[in-house]
Every structure is written in C-alpha cells, then in structure tokens.
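Biologist: Could you pick one part of this model and take me through it closely, then link it to what surrounds it? I work at the bench, so please explain the terms as you go.

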Amino acid sequence: MYLPTLFIAGAHGYIGGTVLTVLKRSQPSVLVRALVRNSAQANALSKFYGWTVTPVIGKLEDLEFLKHEASHADIVIQATGDNRDAVLALMEGVALNPKSKSDKTTERPIFIQISGASNVGHDVLGENSPRVWSDVDDWDDLLGLEETRISVGTDNAIRKLSSQKDIRSLTLAPPTILGRGLGAGKTETHQRTMYDMIVKNQAAFLGGKGTNAWSTISIQDLGRASVFLLEEAMKGDESRAQFGQDGYYFIEAFELSLADRAKACAERLYREGKILTPEVQLKTIREIETEFADFAGYLFGSSSRIKADKLRALGWEPKDLNWLRTVQEAPGYRC
C-alpha cells in the first residue's frame, strides 16, 4: 500500500509542531522526516510521535541538504517563518522530485509555506486598520503589495517559482494566533512577551489611540485549517484547491480588539495577584518602545484585518470561537 511521505521544517516549533500533530491524528500513515537543530529536539520528537516521525538534524542554512530532502517527499511543509532562501531551496527540491512530472495530479508533490497576515497590516500603530482584506475581493491588490511589507517578498518568490517550475504550492497566511501549541516542542509564541511586559508594567496597557484590532485564530484551528487544505489538495483531480499563483489563503476565525484582549489579560493577572490594577493604561507608541523594545510598539499597536473567503468557500469553519477562554488561557502561561 502506498504511504505518502512528508518533510517538515519547523516541527519542533509552535506552528509546525501543531500542524504536524493535527496531521498525524488525521493521517497516521504519513511517514515524516522532520528537520531539527540538535539531538535534544530529535529525542523530543521521537518520544512524542514514535517511529512514524524520523528527526533529521540539520540547518536551514544548508540549502543543498534542504533541496535533497524535499526532492524525496510527497509533501513539504515550511513552518519556520519568512526564510526565503530555505523556502526556495525546498521548492527547488520539490521540482527535482520525479513525481513532479507525473501526468497524475494525485502523484505530484505539494509544497506548503506558512506565511502570515502582517503583509496587510495598517501603517499607523495604535489605530485600527480601515480595511478588511479578502483573499477573493482584494486579490489584485494583494498581488500588488510592496515588497517592503512583511512576507511579501517571499510570498511573491513562491508564486514566481511555482509558475516557472510548475509546483503545486500553497501559501497559508494566519493572523494573530492564540492558545497552547500541540506539538512536542514549543507550545508558546511571542504573544507571551506581551504577558511579560504587562507584568513588568504592573498594569495592562494599549498603544496610541488603542483602537487597533487583529483578525485572530486559535493555534488548534490553524492546525486544523492547514490539514483541511492539505487534504483538499491531496484529492487530485477532484480537488478544488488552487495552487501557485492562486494558491494563497488567509486563515482566520474572528476579530479581536486589543482593548478587549488587554482587559481580559488585566482581569486574569489582577485576580492572580501579578499586577496592581485591573485597569488598562494608555501609552504612546514611543513610550512603549522606550520602556520595553522597538518591537513592543508593533505588538501592542499593530492592526491587521482579513477574511478567509477562499478557505471558507471550500467548506472550512473554525471551532474555537470562545475568545475569552483562549485569551485568558488559564492555566496557560500567556495572554
């Protein structure tokens, strides 16, 4: 019996680990080779997943190694962020796979990049984006985004190489992600940094006018959405998934204002005795960057609003809609 094979970069991380766990639950027969940085990560993956996941110690900078691994896989998932050289090396490897030339669509390998929705973030920190971007209605504008925006250069490079090499590529763009990861390694993301800054400040706070909001999804729903789209792509001729130039998908569940999120964090931390007040302060972006770090202004002041119209048209729907539980996340670490 044919068993599909997968190579994944980022299996020990927050997003990659969750996607891999959800995939193994849905497709336990998939044989996986997972890139890790060291023996400690390798041991963690082996203990967590068992024999069907083989850790492979290597580096994202070793492009020939990545190309070789990708050339032997039916599915390649890149979940380490905006690492353009690694992305292109993996795609070159996919193109070298003999199955890439198969007349049978079901046999041709699939490449998945986990990107992000910061590409359509609002220019003014501390204010809400006036635009909600759709991956259907705003398609032409998405293709015309400046490459100075986060992830756009890599997203465009994927489209270009997919066209040149006829690669079945999918680019998934989630927004803010909340919740504890399901993988063997990292179960928290940079959102925990917000928690630490609130505790250090001894009060929750907002930046600028404090009107900014983000489209949001739980990490579990992100894993489910990724696997849903992969399984749709694996249907072959019956698949309704789009690839390459058109294979870009927003993923979101609901919109959450930073004001509501800050209030929920404040209530939890005050109840736990970790801050002095349940009230939410308002700081300027300059104050936040001076007191903490430059990127803190982005964490507390940015705004990105999207609609996953293409994914929902395929029949996907999120399950985790209780944002308060997800934000407060007791007994989890972060808010």
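**A close look at helix α2**

Modeller: Happy to! In helix α2, which spans residues 39-49, the buried residues are Gln41, Ala42, Leu45 and Tyr49. Buried means under 20% relative accessible area, exposed means over 50%, and partly exposed lies in between (1.4 Å probe, protein chains only). Helices (H or I, at least four residues) and strands (E, at least two) are DSSP runs, numbered from the N terminus. The four buried residues sit on the same side of α2 because they cover an arc of only 105° around the axis, taken from the directions from the helix axis to the C-beta atoms.

Before going on, a word on the model: it is predicted, so local features need pLDDT of at least 70 and side-chain atom pairs count only at pLDDT 80 or more, while totals for chains, interfaces and linings use all residues. Residues are numbered from 1 along each chain as its sequence is written, and side-chain values use heavy atoms, leaving out hydrogens and water.

Back to the helix. Ala40, Asn43 and Lys47 are exposed on the other side of α2. What do the buried residues of α2 pack against? Their partners are helix α1 (14-26) and the strands β2 (31-36) and β3 (53-57), with contact meaning heavy atoms within 4.5 Å.

Both ends of the helix are worth a look. At the start of α2, Asn38 brings a side-chain oxygen to within 3.2 Å of the backbone nitrogen of Ala40. That is a polar contact: a pair of N or O atoms within 3.5 Å, where, within protein, one must be able to donate a hydrogen and the other to accept it, and residues adjacent in sequence count only if both atoms are side-chain atoms. Just after α2 comes Gly50, with a positive phi of about 85°.

How does this fit the annotation? An unreviewed UniProt entry lists residues 5-84 as "domain: NmrA-like"; UniProt positions are given in the numbering used here, feature names are shortened, and annotations may be inferred rather than shown by experiment. Over residues 5-84, the chain is 41% helix and 25% strand, and the end C-alpha atoms lie 23 Å apart.

For a second helix, turn to α6 (residues 152-165), which holds Ser162. Ser162 is buried, at a relative accessible area of 3%. Setting aside neighbours within four places in sequence, Ser162 is in contact with Met91, Ile167, Ser169 and Gly244.
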